[in-house]
Amino acid sequence: MREVLLKANREAGKHLLEPHTLKIHEKSDLFALVTDMDVRTQEMLRDAYARILPEAAFLGEEDMSDTPAPGQLYWLVDPIDGTKNFVHGLMQSCLATALCKDGEALLACVYNPWNGEFYFAEKGKGATLNGRPIHVSHRSFQDSMAATGQGYGNREETIRRIGPLWEHCYIHCRGLRAFGSAELSLCYVAAGRLDGYLEQAIMPWDYLPGNLIIREAGGVATNWKGELPSPIGMDSLLAGTPSFHKEMLPLCKDS
Ligand code: IPD
Ligand code: CA
Ligand code: CA
């Protein structure tokens with residue numbers, strides 16, 4: 001499965017690197033963007049995945065109209081995670097996929113077309129980056145590098161709730177980053193480059209693939225109550241090494 005998914009993601013990701021006049025549209029509000037390339041990439045992945053597993057349903061961020069039956073496999077796809085980075089030419093975006101059943105990710109991949117990094121995990125079988133096993137770091141909280149995202153929740157509520165968590169990381173960790181792609185940030189945690197990730201309001205296609213990759217790499221991923229994040233609707237996210245998660249969970253619960 002790793003090889004066929006890599007091929008499909010390489011094909012679909014290739015055209016993002018080509019010169020193109022982007023058509024940019026606002027979605028629900030003026031801060032949420034979608035481009036013609038999000039839609040085209042999703043269509044390419046949908047076609048490729050239908051050839052790989054014809055029996056699976058397909059849900060994509062830009063088209064959630066399919067309804068998987070109970071027990072049916074379905075693909076959950078974010079065709080471009082980091083759309084604003086893409087629009088701004090920042091080369092920090094990826095294609096993210098989870099193959100799920102009844103709300104649980106069984107297999108996941110995240111592909112960055114700008115550097116060819118391909119993260120892959122299968123439930124119970126570990127996580128890899130370009131075919132090599134990866135593991136979360138063993139850094140202490142003090143030595144850790146945290147990352148965060150701003151998301152699409154209500155901005156006043158987001159800053160009120162997440163502000164104190166950023167403050168805690170900023171004061172007590174090595175550093176705090178915001179890369180603009182939740183999935184890449186989660187994969188960086190899985191690969192031991194980062195140590196934790198926090199976001200207040202985030203959607204399942206932004207975290208189901210990355211969460212499986214983190215767990216298979218020895219990390220922990222929950223919402224701010226310490227529960228499994230929702231497989232269908234907006235939720236909070238706290239993911240990281242076991243020690244990062246342990247340090248931040250009580251603060252998240254209080255926020
Ligand atoms: C967004 C990015 C961002 C995160 C948001 C996501 P999009 O995804 O992952 O880093 O903070 O919550 O919605 O809109 O670029 O696919
Ligand atoms: Ca996303
Ligand atoms: Ca997206």
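**Exercise 1. The loop residue N130**

Determine whether N130 is buried, partly exposed or exposed.

*Solution.* Step 1: the relative accessible area of N130 is 43%, so this residue is partly exposed (buried is under 20% relative accessible area, exposed over 50%, partly exposed in between, with a 1.4 Å probe and protein chains only). The model is predicted, so local features need pLDDT of at least 70 and side-chain atom pairs pLDDT 80 or more, while totals for chains, interfaces and linings use all residues. Residues are numbered from 1 along each chain as its sequence is written, chains are lettered from A and ligands numbered from 1 in written order, and side-chain values use heavy atoms, without hydrogens and water.

Step 2: N130 is placed in the loop between β8 and β9 (helices, H or I of at least four residues, and strands, E of at least two, are DSSP runs numbered from the N terminus). Step 3: its phi is positive, about 45°, although N130 is not a glycine. Most residues other than glycine have a negative phi. M91, likewise not a glycine, has a positive phi of about 55°; M91 belongs to the loop between α3 (83–87) and β5.

**Exercise 2. The seven-stranded sheet**

Give the strand order of the open sheet of seven strands, and locate the helices packed on it.

*Solution.* Step 1: the order is β3-β4-β5-β6-β7-β8-β9, with mixed pairing (two strands pair if DSSP finds at least two bridges between them). Step 2: β3 (57–60) and β9 (132–133) are the edge strands, each pairing on one side only. Step 3: β7 (residues 117–122) runs antiparallel to β8 (residues 127–129), and three bridges join them. A127 in β8 is the bridge partner of A121.

Step 4: helix α1 (residues 2–14) packs on this sheet and touches β4 (73–81), β5 (94–101), β6 (104–112), β7 and β8 (contact means heavy atoms within 4.5 Å). The direction of α1 makes about 45° with that of β6 (axes are lines fitted to C-alpha atoms, for helices over the stretch in contact, and angles run from 0 to 180 degrees between N-to-C directions). Step 5: helix α6 (residues 204–216) also packs on the sheet, touching β4, β5, β6, β7 and β8, at about 100° to the direction of β6.

**Exercise 3. The calcium ions**

Identify the protein donors of the calcium ions (ligand 2 and ligand 3) and the residue that coordinates both.

*Solution.* Step 1: D78 (OD), D81 (OD) and D206 (OD) coordinate the calcium ion (ligand 2) at 2.0 to 2.2 Å (donors are N, O and S atoms within 2.8 Å of the metal, or 3.2 Å for Na, K and Ca; water is not among the atoms, so sites may look incomplete). Their spacing along the chain is D-x2-D-x124-D. Step 2: for the calcium ion (ligand 3), the donors are E61 (OE), D78 (OD) and I80 (O), at 2.2 to 2.3 Å, with the spacing E-x16-D-x1-I.

Step 3: D78 coordinates both ions, which are 3.7 Å apart. The pair D78, in strand β4, and D206, in helix α6, links distant parts of the chain, 128 residues apart. Step 4: D78 and D206 are both buried, and I80 is buried as well.

**Exercise 4. The five-stranded sheet**

Explain why β11 and β13 are edge strands, and describe the helices that pack on their sheet.

*Solution.* Step 1: the open sheet of five strands has the order β11-β10-β12-β14-β13, and its pairing is mixed. Step 2: β11 (175–177) and β13 each have a single partner strand, so one side of each lacks a neighbour in the sheet. Step 3: the twist from one strand to the next averages 15°. Step 4: five bridges pair β12 (residues 196–202) with β14 in the antiparallel sense, and E199 stands opposite L237 in β14.

Step 5: α6 packs on this sheet through β12, β13 and β14, its direction making about 25° with that of β14. Helix α7 (residues 242–254) touches β10 (145–148), β12, β13 and β14, and its direction makes about 145° with that of β14.

**Exercise 5. The surroundings of N223**

State why N223 counts as buried, and list its contacts.

*Solution.* Step 1: N223 counts as buried because its relative accessibility is 3%. Step 2: this residue is found in the loop between β13 (220–222) and β14 (235–240). Step 3: leaving aside neighbours within four places in sequence, N223 is in contact with L228, P229, D235, S236, L237, L238 and L249.
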